[in-house]
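Reader: I would like a close look at one helix-helix contact and at the sheet beside it. Please give the cut-offs along with the description.

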Amino acid sequence: MASQREIRRRIGAVRNIKQITRAMQFVAASKLRRAQEATLAARPYAEKLDEVLGDLAAVLGDEEHPLLAERPEGGPRLFVVFSTDSGLAGPLNTNTVRAVARAITEYKGDLKVVSVGKKGRDALRRSRVPMAAHFDAMGDRPTFGDILPLARLITDDFVGGVYDRIDLVYPQFVSTLVQRATIEQLLPIQPAGDTAGIPGNQFIFEPNPAAFLRALLPRYVATRIFQALLETKASEQSSRMVAMKNATENAEDLIEDYTLAYNKVRQANITREMIEIASGAQAR
């Protein structure tokens with residue numbers, strides 16, 4: 001059994017860890033509010049843009065813009081994987097990497113990965129997945145301009161025929177307790193499934209469809225990427241807050257167990273010393 005001094009040292013170490021995890025929990029909670037507000041504020045805009053582009057893709061073809069071109073199945077594919085730069089975020093990165101690993105295993109054609117965030121990059125490199133590029137996670141408060149180099153790279157590669165399909169893989173923020181690993185097709189833009197309410201040729205483009213799409217589609221790609229990044233940030237802070245809360249509670253339970261063990265050892269030492277004193281008195 002451990003000595004009193006060793007148990008005291010363990011209790012002090014766990015108390016220090018508890019202070020760190022509690023501080024990280026409060027920091028994550030404060031960052032979560034900003035990240036959640038940014039994500040929920042941008043989500044309606046991204047959803048409406050998806051709806052509008054889906055309607056346009058249903059009535060326009062690849063002759064209007066190459067980002068609308070349907071490519072054959074089984075061609076080169078690119079996964080853009082979003083993860084965090086730092087750890088201590090619970091199972092968030094593990095679930096995201098597991099989702100993309102499952103998709104990579106099921107796909108039989110050529111593929112590459114662009115990673116956003118160090119944790120996803122490190123995990124995919126260990127699995128020997130071919131990497132096309134890497135971007136850092138862009139801080140706790142990313143801006144729209146931060147993702148423009150990534151959006152430009154993806155758009156140029158798709159237009160140039162390097163890839164036939166590009167997917168986004170990111171943790172979607174559902175609630176504080178739920179973050180769902182999601183794989184969504186980014187390019188080519190998918191036509192709307194329900195075309196009953198689409199006016200077809202009644203769309204009026206100024207000056208013409210090609211010029212309109214040339215201005216809108218790059219912004220659409222950047223908006224989708226930015227929304228995935230915001231979802232990742234909100235998911236990171238919520239997952240970290242929950243993980244640190246659990247760690248703090250586990251530290252409190254461990255302190256209670258160590259305190260109980262310390263009291264038992266202390267009582268056993270007192271009892272032994274009393275027996276030794278009594279035995280010495282009787283010997284005299």
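Author: In α2, the residues N93, V97 and V100 meet K119, G120, A123 and L124 of α3; contact means heavy atoms within 4.5 Å. The residues of this contact comprise 4 nonpolar, 2 polar and 1 charged, where Ala, Val, Leu, Ile, Met, Phe, Trp, Tyr, Cys and Pro count as nonpolar, Asp, Glu, Lys and Arg as charged, and the others, Gly among them, as polar.

The model is predicted: local features need pLDDT of at least 70, side-chain atom pairs count only at pLDDT 80 or more, and totals for chains, interfaces and linings use all residues. Residues are numbered from 1 along each chain as its sequence is written, and side-chain values use heavy atoms, with hydrogens and water left out.

Helices (H or I, at least four residues) and strands (E, at least two) are DSSP runs, numbered from the N terminus. The axes of α2 (residues 92-106) and α3 (residues 118-126) come within 10 Å and cross at roughly 45°. Axes are lines fitted to C-alpha atoms, for helices over the stretch in contact, and angles run from 0 to 180 degrees between N-to-C directions. That crossing makes α2 oblique to α3, since angles under 35 degrees count as roughly parallel, over 145 as roughly antiparallel, 65 to 115 as roughly perpendicular and the rest as oblique.

α3 also lies across β1 (77-82), β2 (111-116) and β3, running at about 155° to β3. Helix α4 (residues 148-159) packs on the sheet too, touching β1, β2, β3, β4 and β5, and its direction makes about 160° with that of β3.
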